[in-house]
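Here are my comments on the model you sent. They are set out as numbered points, to be read with the structure open.

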Amino acid sequence: MVDKHSKIVKFSQYAYGGYFPNRPAIARNKMPTEDPSEEEWENFQNKHEQTHLECFPPQIQASLLMVILNLLSDHSTDEEYTGQYMEPSWVENPTMKATFERFNRNWKEIEKIIDLGNANSNLKNRHGAGIMPYELLKPFSGPGVTGKGVP
């Protein structure tokens, strides 16, 4: 189970952290808070674009982070996913075969639930400007950086 958890976390990193504004933990400067100094607030009011740009890390640091997260999040072309294929030895055992088929159906049901949630415009955590659909626990994925699939 720990292995599956680490893979889910790993494959989601690029989608959430590869774009700098989604990853404020590496900001160089803090944004003005509710109680900024007079100077901070005046700078923010007069030059808000510059205030945002000053928070960004150097280009080399941001680029390096994007490359690392891209590599961590990449699915290989020959990856096998949990519940995708039945082991040949399970076909002969009716209990194992039935268990696998039930597990596979459950995975597909989870994917339908995720798709329904993503399609529901009343869920504000899945709709709006800059909000990505939830796909982390979708059971299968193609190759590349997809942000889904549980190998």
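1. What volume does the largest pocket have? The model is a predicted one, and in it the largest pocket has a volume of about 230 Å³. Its lining is made up of 15 residues, and those closest to the centre of the pocket are Gly83, Tyr85, Glu87, Trp90 and Phe100.

2. Which helix gives the most to the lining of the largest pocket? That is α6, with four residues. Helix α5 (88-91) also has a share, since α5 and α6 each supply at least two residues of this lining.

3. The character of the lining can be given by class. Nine residues lining the largest pocket are nonpolar, three are polar and three are charged.

4. On aromatic contacts, the whole structure holds three aromatic pairs. One of them joins Trp41 and Phe44, with ring centres 5.5 Å apart and 40° between the planes, and this pair is tilted. The angle falls short of the edge-to-face class, because that class needs planes over 60 degrees apart. Both residues belong to helix α2 (residues 38-46), where they are three residues apart, about one turn of the helix. Trp41 has a relative accessible area of 38% and is therefore partly exposed, as that class runs between 20% and 50%.

5. Phe103 and Trp107 also pair. Their ring centres are 5.9 Å apart and their planes meet at 80°, so this pair is edge-to-face. The two residues lie four apart in helix α6, about one turn of the helix. Helix α6 is also the one that gives the most to the lining of the largest pocket.

6. Is each ring residue of the α6 pair buried or partly exposed? Phe103 has a relative accessibility of 37%, so Phe103 counts as partly exposed. Trp107 has a relative accessible area of 11%, and is therefore buried, the limit for that class being under 20%.

7. Ser141 deserves a separate comment. Where is Ser141 found? Its place is the loop between α6 (94-119) and β2 (144-145). Despite the loop setting, Ser141 is buried, because its relative accessible area is 15% and buried means under 20%.

8. Which residues does Ser141 touch, leaving aside those up to four places away in sequence? They are His75, Tyr81, Thr146, Lys148 and Gly149.

Technical notes. Residues are numbered from 1 along each chain as its sequence is written. This is a predicted model: local features need pLDDT of at least 70, side-chain atom pairs count only at pLDDT 80 or more; totals for chains, interfaces and linings use all residues. Side-chain values use heavy atoms; hydrogens and water are left out. Buried means under 20% relative accessible area, exposed over 50%, partly exposed in between (1.4 Å probe, protein chains only). Contact means heavy atoms within 4.5 Å. On a 1 Å grid over the protein atoms alone, a cavity is a set of points where a 1.4 Å probe fits but cannot get out, and a pocket is an open set with protein on both sides within 12 Å along at least five of seven lines; lining residues have an atom within 4 Å of a point. Grid points are joined across faces, edges and corners, and a volume is the space filled by probe spheres set on the points. Ala, Val, Leu, Ile, Met, Phe, Trp, Tyr, Cys and Pro count as nonpolar, Asp, Glu, Lys and Arg as charged, and the others, Gly among them, as polar. Rings of Phe, Tyr and Trp (its six-membered ring) pair if their centres lie within 6.5 Å; planes under 30 degrees apart count as stacked, over 60 as edge-to-face and the rest as tilted.
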